[in-house]
Amino acid sequence: MAQTPAEVVAFVDRHLPNELFFSLAARVRSENVLLDPRSTLDRLFGARSMIPSADLPAHLEEAFQRFARYAGFRTVEDLIDRATLYPYYRMFMSSDRWADVLARARGDDAGGLKTRMGLVAQRFGASPRLRSCRQCSSDAMRLGGPYWHTFHQLPGVQVCAIHGIALGELSQQSRSSNRHELVLAPDNLAPQKIPVRWIPALHAFARLSRSALDCGSKPPE
């Protein structure tokens, strides 16, 4: 029998525009004052020992049933399309590989997923740093506070696709001592230092990357 939100947590906020699923889970943790990281993961994902991946999460079927469906997602596929980076990688995969990736994302067999997708070999890393834009954080205050945006986390993106300014990076989630933490987006993360002459090209790349993400789980023509 599916659990009601009250049986898992007392309150689930709505999913915000372009919000990373990791960010939603972090807000649910904070709003329900869940202090112990492993107990939080057990409650939200049904997996006490999992490492919550910010960009390509797993255990999504369980998370959907436990709390995510109350945040405005219609299905697990809707969650994947709107709140993870999986759609970005879809265009680089065969149909069979994509089906395997989705099955792993829905379930608990996520071991070696990023290696299988080729991300480690391409030096994107298994645990990328979280990134945010100072202006996006300021704009988000009208929605209640800053949050992690999906398109800021795309590989190689260093500049905000909307505002064209350098992103700040948070390495905390990448450290071994913080692997089980659901980290909230900070109010004002200091931007990286990027040469001004690089900004136009990096901005163009960020906009192109966001367009690829927005194609959804269907490959582009």
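Buried means under 20% relative accessible area, exposed over 50%, and partly exposed in between. Keep those cut-offs at hand as you work through this predicted model.

**Exercise 1. Get your bearings in the fold.**

Task: Find how many helices and strands the chain has, and in which pattern they follow one another.

Solution.
- Step 1. Count the elements: there are 10 helices and two strands.
- Step 2. Read along the sequence, and the pattern is α-α-α-α-α-α-α-α-β-α-β-α.
- Step 3. Turn to burial: of the 221 residues in the chain, 48% are buried.
- Step 4. Look at the contacts with a separation of 6 or more: 65% of them come from residues 24 or more positions apart.
- Step 5. Finish with the surface, which comes to about 11,000 Å² of accessible area, with 50% of it belonging to carbon and sulfur atoms.

**Exercise 2. Follow helix α2 into the core.**

Task: Work out how many residues of α2 are buried, and what these buried residues pack against.

Solution.
- Step 1. Nine of the 11 residues in α2 are buried, so "mostly covered" is a fair description under the cut-off of 20%.
- Step 2. Name them: F21, F22, S23, L24, A25, A26, R27, V28 and R29.
- Step 3. See what lies against them: the buried residues of α2 pack against α3, α4, α5 (76-83) and β1.
- Step 4. Now take the largest nonpolar core, which has 58 residues; F21, F67 and F73 have the most contacts inside it. At least two residues of this core come from each of α2, α3, α4, α5, α6 (86-90), α7 (95-106) and α10 (199-214). With six residues, α2 gives the largest share.
- Step 5. Zoom in on F67: leaving out residues up to four places away in sequence, F67 touches V12, F21, L24, A25, V28 and L44. A further core lies apart from the largest one; it has five residues, among them V159, I194, I199 and L202.

**Exercise 3. Sort the salt bridges by exposure.**

Task: For the pairs R27 and E19, D78 and R74, and E169 and R129, decide whether each partner is buried, partly exposed or exposed.

Solution.
- Step 1. Start with the general idea: side chains of opposite charge can pair when their charged atoms come close. The model contains 12 salt bridges.
- Step 2. In the pair of R27 and E19, the closest N and O atoms are 2.7 Å apart. Both R27 and E19 are buried.
- Step 3. D78 and R74 meet at 3.3 Å, N to O. D78 is buried because its relative accessibility is 7%, whereas R74 is exposed because its value is 63%.
- Step 4. E169 and R129 form a salt bridge at 3.6 Å, N to O. This pair joins distant parts of the chain, 40 residues apart: E169 sits in strand β2 (residues 168-170), and R129 in the loop between α8 (113-116) and β1 (130-132). E169, at 30% relative accessibility, counts as partly exposed, and R129 is also partly exposed, at 45%.
- Step 5. Salt bridges with shared partners connect D13, R14, E19, R27 and E31 in one network.

**Exercise 4. Check the backbone for positive phi.**

Task: Locate N18 and H59, and decide whether each is buried or partly exposed.

Solution.
- Step 1. N18 is not a glycine, yet its phi is positive, at about 60°. N18 lies in the loop between α1 (5-8) and α2 (21-31), and its 27% relative accessibility makes it partly exposed.
- Step 2. H59, likewise not a glycine, has a positive phi of about 60°. H59 is in the loop between α3 (37-45) and α4 (60-66), and with 14% relative accessibility H59 counts as buried.
- Step 3. Add V33, which comes just after α2 and has a positive phi of about 50°.

**Exercise 5. Test the cysteines.**

Task: Decide how many disulfides the model has, and why C136 is not bonded to C160.

Solution.
- Step 1. Recall the cut-off: a disulfide needs two cysteine sulfur atoms within 2.5 Å.
- Step 2. For C133, the nearest cysteine sulfur is that of C160, 3.8 Å away, and C133 is in no disulfide.
- Step 3. For C136, the closest cysteine sulfur is also in C160; at 3.7 Å, the sulfur is too far for a bond.
- Step 4. Check exposure: C133 is buried, with a relative accessible area of 1%, and C136 is buried at 4%.
- Step 5. The total is zero disulfides.

Technical notes:
Residues are numbered from 1 along each chain as its sequence is written. This is a predicted model: local features need pLDDT of at least 70, side-chain atom pairs count only at pLDDT 80 or more; totals for chains, interfaces and linings use all residues. Side-chain values use heavy atoms; hydrogens and water are left out. A salt bridge is a side-chain nitrogen of Lys or Arg within 4 Å of a carboxyl oxygen of Asp or Glu. Buried means under 20% relative accessible area, exposed over 50%, partly exposed in between (1.4 Å probe, protein chains only). Helices (H or I, at least four residues) and strands (E, at least two) are DSSP runs, numbered from the N terminus. Contact means heavy atoms within 4.5 Å. Accessible areas come from the Shrake-Rupley method with a 1.4 Å probe; for residues, only the protein chains shown count as cover. A nonpolar core is a set of buried Ala, Val, Leu, Ile, Met, Phe, Trp, Tyr and Cys residues joined through side-chain atoms within 4.5 Å.
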